[in-house]
Structure formats: C-alpha cells, structure tokens
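Please read this report with the model open beside you, and follow each strand as it comes up.

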Amino acid sequence: MSKKITSLKDLDELREEGLKSLYPDKTKIMVGMATCGLASGAKEVFDILCQEIKKTGLDVKLNSTGCLGYCQKEPLVDVIKPGWPRIIYQEVDGEKAQKLIENLAQGKIWKESILAKMEEDEFLILDEKKKYLFDPNTGLNGVPSYFELPFYHKQLRIATRNCGFIDPASLVEYIARGGYYSLYKALTEYKPEEVIEEIIRSGLRGRGGGGFPTGRKWYYCRHAKGDIKYVICNADEGDPGAYMDRSILEGDPHSVLEGMIIGAYAIGAKEGYIYVRSEYPLAVVRLKEAIKQAEEYGLLGENILGTGFNFPIYINRGGGAFVCGESTALMASLEGRVGEPRAKHIHTVESGLWERPTNLNNVETWANVPVIIARGADWYSKIGTEKSKGTKVFSIVGKINNTGLVEVPMGITLREIIYEIGGGIPGGKKFKAVQTGGPSGGCVPESMLDLPVDFEELTKVGSMMGSGGMIVMDEDTCMVDIARYFLSFLQDESCGKCTSCREGIKRMLQILTRITQGKGEEGDIELLEELSEVVKDTSLCALGGTAPNPVLTTIRYFRDEYEAHIKDKKCPARVCRDLITYTIDEEKCTGCMRCLKECPQKAIVGEKKKPHRILQEKCIKCGICYETCRFDAVKVE
Amino acid sequence: MVKLVIDGKQVEVEKGLSVLEAAQKIGVEIPTLCYHPAVSAYGACRICTVEVIRKGWSRLTAACTYPVQEGIEVKTNSDKVKKARKLIMEMLLARCPNVKAIQDLAKKMGVEKTRFPEENEECILCGLCVRVCQEVIGVSAIGFVNRGIERKVTVPFEVQSDKCIGCGACAIVCPTGAIKIEDIEDKRRIDIWHTELERAKCKVCGRYFSPMATIDYLEKKGIEKIQEFLNLCPDCKRDVLINKLNKVNYSSSPVKFSNF
C-alpha cells in the first residue's frame with residue numbers, strides 16, 4: 001500500500017484524480033444533502049434520481065454535496081454536464097427529479113425550477129478559477145448567475161469554501177480544490193513559530209464567540225510548560241438557530257482536520273480531539289470518514305506527509321448540554337466528568353485537558369487556517385475591519401425571506417445582511433429587531449441596522465458576535481416575550497453551579513413571565529436591571545456573564561413595550577395571550593360559519609349569514625379564527 | 001511569597017493561597033457558604049464575591065477560587081461588592097427561607113426579607129458534601145445530577161449506593177443541615193441518599209454504634225494505629241484508651257493525667 005503522500009508530486013497526482021471526479025467527462029448530478037437539505041426532503045430526491053437514472057440507463061455520476069447556504073431554496077440539485085454551465089435547481093421534489101432526468105435522457109436542459117447557473121468555479125486556496133466550457137446558445141441567457149444573485153454577491157466564502165462544491169466523503173475532491181496543500185506548505189516550508197507568526201499577522205480571531213486572537217492563543221500554548229499538549233476542536237454548537245459549524249463539518253470535514261493538523265504542528269501538540277454534539281450524527285459520520293481517509297493517505301496519524309510529525313485526532317461526542325460549549329466545561333466533559341465550567345484564573349493554554357496545555361478553537365476558526373497559510377496573512381488581513389479580520393459565517397433565520405447560511409466580510413452592515421442577502425421581511429411586515437449572538441446575545445433595533453458587523457461594534461450596542469446566529473424579528477414579535485423565551489432556554493441550560501446564574505436567571509424569568517401575563521408591577525424593570533447586573537458580574541462563566549443580555553437590550557431599546565405590559569396591561573405586538581382579546585367586527589362578518597366550525601373551544605356562536613360572536617369566557621386565544629377568517633372580521637386587541 | 005493589597009492594607013502571603021485564605025490570615029472576614037479548608041475550593045455560592053483590581057482592571061470574582069497574585073488590589077467591602085453579595089444572599093434566602101444558617105447570615109449581611117417568591121429548599125447546592133465524600137473520604141458516593149434549576153445532589157439513579165459507607169461526613173460539613181442522619185437501633189438511615197445501613201455492635205458494651213460499612217472501609221484502609229479500636233463504640237474506645245494510659249509509668253512525666 002503506497003497510498004501515503006510524501007511529496008508535492010503525490011498531492012498533484014491526487015489532485016488530478018480529484019479534478020476528474022469534480023468534472024467528469026460525463027454528466028454529474030449533485031444533491032445538497034447536509035442536514036438542512038435532508039430536512040427539506042433531499043434524501044427522497046436523491047433516491048428518486050438514483051432510481052430514474054437506472055431506469056433510463058443514463059451514464060450519470062450522482063453524488064451528495066454539502067450545503068451551498070441557500071437553505072430557503074432546498075432541496076438543491078446541481079447538474080454539471082460538459083458543454084453546459086453548472087445549473088442549480090431549487091426546491092426539487094420527486095416529480096421535478098423525474099422531469100429533470102427525463103430531459104437529461106433526451107439531451108435537453110430542463111428549464112424549470114432553475115435557481116441560477118454558474119459559469120465558473122473558484123478555487124480560493126489556489127487563487128484559480130475553473131471555467132465551465134459551454135455553448136453560449138444553451139438558452140440559459142436569462143438565467144441569473146449564482147454569483148450575481150442578491151443572496152450571494154456580497155458573500156465571500158472562506159470557511160465554507162467547499163460546502164456545496166465537493167462530495168464531503170471524497171478526499172481527492174478536497175485536494176482538487178487546494179486541500180492539504182497548506183498542510184504541505186506549513187510542514188515543509190515553515191517552522192512552527194513561523195506558522196504562528198502568520199496566524200497572528202492575519203488577525204484571525206476565535207469564531208466561537210469570544211473573539212480571542214487565535215495566533216496569540218497558539219503562541220501561549222506553544223510556550224506553556226509541558227511535554228504533552230493538546231488541540232481541541234469545539235464542535236458543540238448549541239445556539240438555537242445556529243448551524244454554521246454543522247454545515248462545515250457535514251460539507252467539508254477535511255478543512256477542519258487540515259486546520260487542526262497545522263495548528264498542532266505550530267503548537268507542538270501530541271493529540272487532537274473533536275468535541276462534537278451527539279445531535280449532529282451526520283457530522284460525526286463525515287468526520288469519521290475523513291479521519292480514516294486522512295490516516296490512509298498519511299495526512300494524519302504517524303509520520304504525516306513523511307515529515308516525521310505525528311498527530312492523531314479523536315472524536316468525542318457531547319451529551320447535549322449547551323454549557324459544554326464553554327471551554328472548561330467542554331474539557332471536563334471530555335475527561336468524563338460533569339460538564340461544568342471552572343474558574344479560568346489559570347488559562348487552559350497552560351492547564352487545560354488533563355491539566356495539560358490545551359488549545360481550543362471552534363470549527364469555523366480551524367476551517368479558516370488552511371486558507372490563511374495558502375494565501376498569506378497579508379491577503380487575509382485585507383478583508384474585514386481594523387480589529388476584526390476576515391469573514392464570518394452567519395445563519396440568518398426567523399422572519400426573513402432567504403433563510404440560510406451566509407459568509408460575509410466583517411464590517412458589512414446588518415442592513416446589507418438582512419435586506420440584500422436575506423431579501424428582507426416576508427409578507428410586507430415591518431422589521432423590528434435582530435438578535436445576534438445566540439440566546440445570550442442582544443436584540444438590535446432598526447435604528448442600528450447600519451452598524452458594521454464586527455466583534456467590537458456588536459458588543460458596544462449590548463449584543464455580541466457569539467457564534468453567528470442571527471434571528472430576525474418582525475413587528476409581530478413581542479420583545480418581552482422574546483426576552484422571556486431566551487431566558488427560559490438559559491434557565492434550562494445553565495449548569496446550575498453558581499447561585500447568581502442559577503437563581504438569578506430563574507428570578508428574572510419569573511418576573512418576565514409575570515409581565516407577559518399582565519401581572520407586572522411598578523419596579524419590575526428596575527429589579528430586572530438590578531438582577532442583570534449582579535448575574536453578569538458574579539457568575540463564573542460566559543453563560544451567566546451574558547445571560548442578561550436579551551433582557552438588558554430589550555429594556556434598552558424597547559422599554560415602551562415593557563411599560564405597555566406593566567402599566568396598561570397591553571401587549572403592543574398582540575402576542576401575549578393574557579393581554580389580548582379576539583372580537584368579531586359585525587360590519588365585516590358575513591356569517592360564513594367558517595371560524596365557528598374551526599374553533600376548537602366552540603367559543604364562537606352565531607347563525608348562518610348573521611354576524612358571529614366570540615364568547616370571551618370560553619376563548620383560549622389560539623388565534624385560529626383570526627387565521628381562518630377571509631373577511632378580516634376577526635380583530636385582535 | 002506574594003505581595004498584594006487587601007482593603008488598603010499591604011500584605012504578604014504564601015503563593016498558592018486564595019484571596020479568601022489570604023484575607024482570613026490577616027483577619028479580614030469574607031462571608032462564605034461553600035468554602036471549607038478540608039476540601040478544594042469550588043466557587044459555587046458566590047457569597048465570597050470580592051472586587052479584584054489587576055493591571056487597572058476591576059472585576060468582581062469569587063475570593064475562594066481566585067489565587068493571590070503579585071500586585072493585585074482586593075476590595076472586600078466596596079459598594080459594588082456589598083450590593084452583589086446582598087442580592088445573592090437575598091436569592092438564597094428566597095430559596096431556603098426556613099434554614100436558620102441562611103437566615104442568620106442574611107441578617108448579618110443586612111438582608112431582612114426577600115423580594116422573590118419563597119421556596120422551601122434546604123440545600124443551597126454548595127457541593128461541600130460532594131467534595132468531602134470524594135476528596136476526604138474517597139468514595140464518591142454522591143454527586144451532582146441534572147443542570148440549571150433541576151440541579152441537585154444525590155446518589156446514582158437515586159437508589160441506595162453500595163459506595164456509601166454511611167460515615168456521615170457529608171452531614172457534618174453541610175452548612176444548612178439539609179442532610180439528616182438517623183440512628184435507630186441497628187440501623188443508620190440517610191433518607192436523602194436513599195440509604196439504610198446496618199450498624200455494628202460494640203464488642204465490649206454491646207451497644208450499636210457506627211455502620212458496619214464504615215468499619216469495613218476503615219479496616220480495608222489498613223491504618224495500623226486504629227485497627228484495635230474499630231469495633232468499639234466511642235465510650236468504650238475512651239475507656240480502653242484511659243486504661244492504656246494508666247498503665248504507663250508517668251512518674252517521670254511533668255504532665256498530670258488526673259483529669260482522665
């Protein structure tokens with residue numbers, strides 16, 4: 001078995017093989033099958049495509065790929081055929097899959113459901129472009145180019161460079177797009193100190209939320225006392241609505257491994273661990289495959305690339321506690337102990353896992369490393385703002401037209417992300433706030449939408465970068481209720497060790513719940529602020545230290561909503577059930593009986609063609625009548 | 001040695017001490033509920049919160065887990081500290097309104113009543129019992145389970161654990177009296193740990209005393225000096241010791257043993 005790569009020539013050979021796999025001489029179909037794709041039915045589409053290909057006897061290469069980011073339009077299916085541009089089909093279902101194959105069998109381009117076309121591919125690491133050679137008369141002139149779509153054109157995909165472009169199970173396809181060339185470069189051309197120097201100069205900061213300069217962390221760990229050192233990849237992504245790390249692991253696992261191996265070389269680490277949450281089974285499968293392949297080819301394990309450098313990586317599955325994303329809790333859990341944080345007066349780079357120097361970075365951070373080594377710190381540090389370099393992946397979810405994963409240069413404004421990339425708010429509703437930084441981030445109001453997104457700016461307005469979750473809220477969102485929701489999440493996810501965090505969050509949640517029930521009292525806002533300050537200042541870890549953010553920012557920017565709940569016993573967004581009533585406008589009601597039939601409580605009375613009435617004592621305020629009325633006769637107040 | 005300032009006083013203490021221990025050394029009292037010199041510091045109750053100023057940066061931190069560092073300034077009684085401690089105490093009082101130790105400490109800190117709905121817990125989750133069981137006794141029969149507001153200390157699967165030797169160290173260190181031990185004839189019951197153990201009979205007087213599991217455990221530990229006393233109740237142990245001492249010729253000793 002002479003599979004092991006020991007020279008640049010070996011890598012080049014595999015790259016050739018990979019290019020043939022990426023762009024075969026025959027038709028190739030790729031289905032986006034990351035978890036987001038699977039959730040919208042990609043597996044079914046894949047099976048039908050497979051079945052139809054067999055039926056028609058077409059010579060087609062069919063494989064899965066990761067998430068391209070445009071999750072709103074999934075399932076996405078790509079057709080790459082010599083002579084055609086790459087065509088991306090959107091919202092594909094079984095029927096569409098059949099039609100697609102039918103047309104292919106006849107040698108025709110199926111022209112429905114096309115999201116966009118791609119005329120070229122960019123190999124970011126190699127700074128190369130691969131043009132698709134196609135006949136300009138394919139009749140696709142009216143179809144937009146993917147890179148010019150409003151959703152895409154402001155993006156710059158560094159960490160997610162390969163997601164949606166390669167088969168995540170294929171090592172050679174990863175190599176074809178420049179993968180493992182950075183590792184080769186680092187191990188053969190750079191001294192460990194030089195790698196660290198390059199990362200420091202790039203300005204890369206931890207993408208897990210803290211924003212600590214990555215190169216400096218590596219430097220401290222390299223110079224910490226101890227023979228045995230570890231590197232860890234934090235893949236315990238737990239913010240509700242955030243899934244960028246999952247997407248990278250599922251779509252491009254080798255990018256994370258390569259980053260870790262380069263980091264281990266720079267730090268002088270003996271072993272690596274990936275702490276990935278059990279809720280990411282597909283990511284675990286992809287990682288296992290990738291580790292096995294990398295070991296087979298001499299890219300991981302013993303004598304990496306024939307240089308004598310040894311470094312194995314192990315996978316450890318987390319049990320599903322949010323707090324285990326915190327570095328010391330994660331390490332405790334890795335050691336087999338209860339996942340709770342400890343005081344970090346002695347840093348983990350000096351005494352971390354098993355009390356040995358340990359360097360921990362998250363998935364996205366690691367995925368950036370190979371690009372920095374390949375393109376250089378000078379190139380990387382030109383992207384972004386003065387203090388926040390490079391790009392950040394955000395998952396935009398909530399009341400937004402284009403739900404998805406976007407990677408944008410730091411410094412882009414929230415407005416650009418929400419209105420240009422995200423396509424604005426659905427249903428012509430008004431934007432109200434965006435929650436950045438996960439459950440313990442803050443809600444940023446409309447007046448601050450022109451804020452450039454970077455670590456410092458978000459902190460200044462009371463929110464944070466966090467791991468990059470962005471939840472968009474429209475006018476129908478009650479900000480007190482939102483604060484209550486996030487606090488209830490945090491109450492369950494606090495480890496419970498510190499009195500201030502455990503008891504403080506509980507008490508804040510009790511007050512917020514009271515307010516949403518119309519039982520708010522004078523002084524509640526002040527008590528919430530008092531609790532917030534103490535919970536922030538006296539909790540051990542960042543969970544407690546940031547937990548009050550949703551409360552503080554909603555009070556800061558939407559104080560009038562709190563006051564309306566407390567003083568007027570009204571919910572301006574008409575969300576809090578105890579504070580709203582449903583009535584029927586007799587002028588508008590046609591007596592169609594529709595709401596009357598739908599009401600689960602039989603709380604609506606009336607006769608045919610005569611105005612109906614809601615019996616308030618029976619009404620549970622479920623809103624079904626409001627949804628079903630076709631004449632706008634049901635009013636919420 | 002490390003030089004630091006505590007409440008304006010320049011002090012010098014051994015390296016490795018915590019700010020809490022350093023303060024105790026110079027007679028500055030910092031209230032705490034989860035610290036005990038016999039076990040490692042944990043930092044759970046946060047009552048020992050102090051203000052530490054390091055390199056010009058001020059922050060609140062738990063004194064029990066903060067190691068003394070050269071040049072830091074510690075304020076144990078600033079307005080910020082008092083405000084934080086009082087609110088934490090108020091929350092503990094709301095959790096355990098009927099626990100005397102909590103009532104007393106609250107009163108001492110100027111917290112007369114709580115603004116939060118009262119619960120009726122006895123345990124403050126300080127974790128002293130867990131640490132003493134693991135670090136001092138060495139059996140780890142109990143531990144924390146669940147998280148957040150569901151957190152509690154218990155035995156695995158909430159059934160009697162064969163690891164618990166019934167020594168009662170947990171009850172002794174518990175600051176709130178939440179762990180109750182009942183000795184009824186030949187049985188020792190620790191209901192909170194779902195545990196019931198057989199007690200041994202004193203081989204001299206025949207009365208029941210320690211649980212057999214404790215004696216077995218100590219026997220296995222093989223500490224020579226105590227082996228001959230293991231099967232004796234505390235009273236008989238004392239008698240045996242006195243007899244032993246009386247047999248010694250003390251004529252040349254300046255110490256009088258008449259008190260025995």
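In strand 4 of chain A, which residue is the bridge partner of Val79(A)? In this predicted model, the partner of Val79(A) is Ile87(A), a residue of strand 4 of chain A.

**Strand 4 of chain A and its neighbours**

Strand 4 of chain A, made of residues 86-89, is covered on both faces, with Arg86(A) and Ile88(A) buried on one side and Ile87(A) and Tyr89(A) buried on the other. The table sets out the pairings of this strand, with the number of bridges in each.

| Strand paired with strand 4 of chain A | Direction | Bridges |
|---|---|---|
| Strand 3 of chain A (residues 77-80) | antiparallel | three bridges |
| Strand 5 of chain A (residues 114-118) | antiparallel | four bridges |

Strand 3 of chain A and strand 4 of chain A form a hairpin with five residues between the strands, and in this hairpin Gly83(A) takes a positive phi near 95°. Towards strand 5 of chain A, the bridge partner of Ile88(A) is Ala116(A).

**Chain B as a whole**

Chain B contains seven helices and eleven strands. Its radius of gyration is 23 Å, well over the 18 Å that the globule rule gives for 260 residues, and chain B is therefore more spread out than a compact globule. Along the principal axes, the C-alpha atoms of chain B fill a box of roughly 65 × 55 × 30 Å. Of the 260 residues in chain B, 45% count as buried, while the chain exposes about 14300 Å², of which carbon and sulfur atoms supply 51%. Chain B carries 41 positive and 33 negative charges, and the mean positions of these two groups lie 5 Å apart.

Definitions and conventions:
Residues numbered from 1 in each chain as written. Chains lettered and ligands numbered in written order. Predicted model: local features only at pLDDT ≥ 70, side-chain atom pairs only at ≥ 80, totals over all residues. Heavy atoms only, no water. Helix = DSSP H or I, 4+ residues; strand = E, 2+ residues; numbered from the N terminus. Rg over C-alpha atoms; globule rule 2.2 N^0.38 Å. Buried < 20%, exposed > 50% of the residue type's maximum accessible area, 1.4 Å probe, protein only. Areas by Shrake-Rupley, 256 points an atom, 1.4 Å probe, with all protein chains shown as cover. Lys, Arg positive; Asp, Glu negative; His and termini not counted. Charge placed at Lys NZ, Arg CZ, Asp CG, Glu CD. Pairing = 2+ DSSP bridges.
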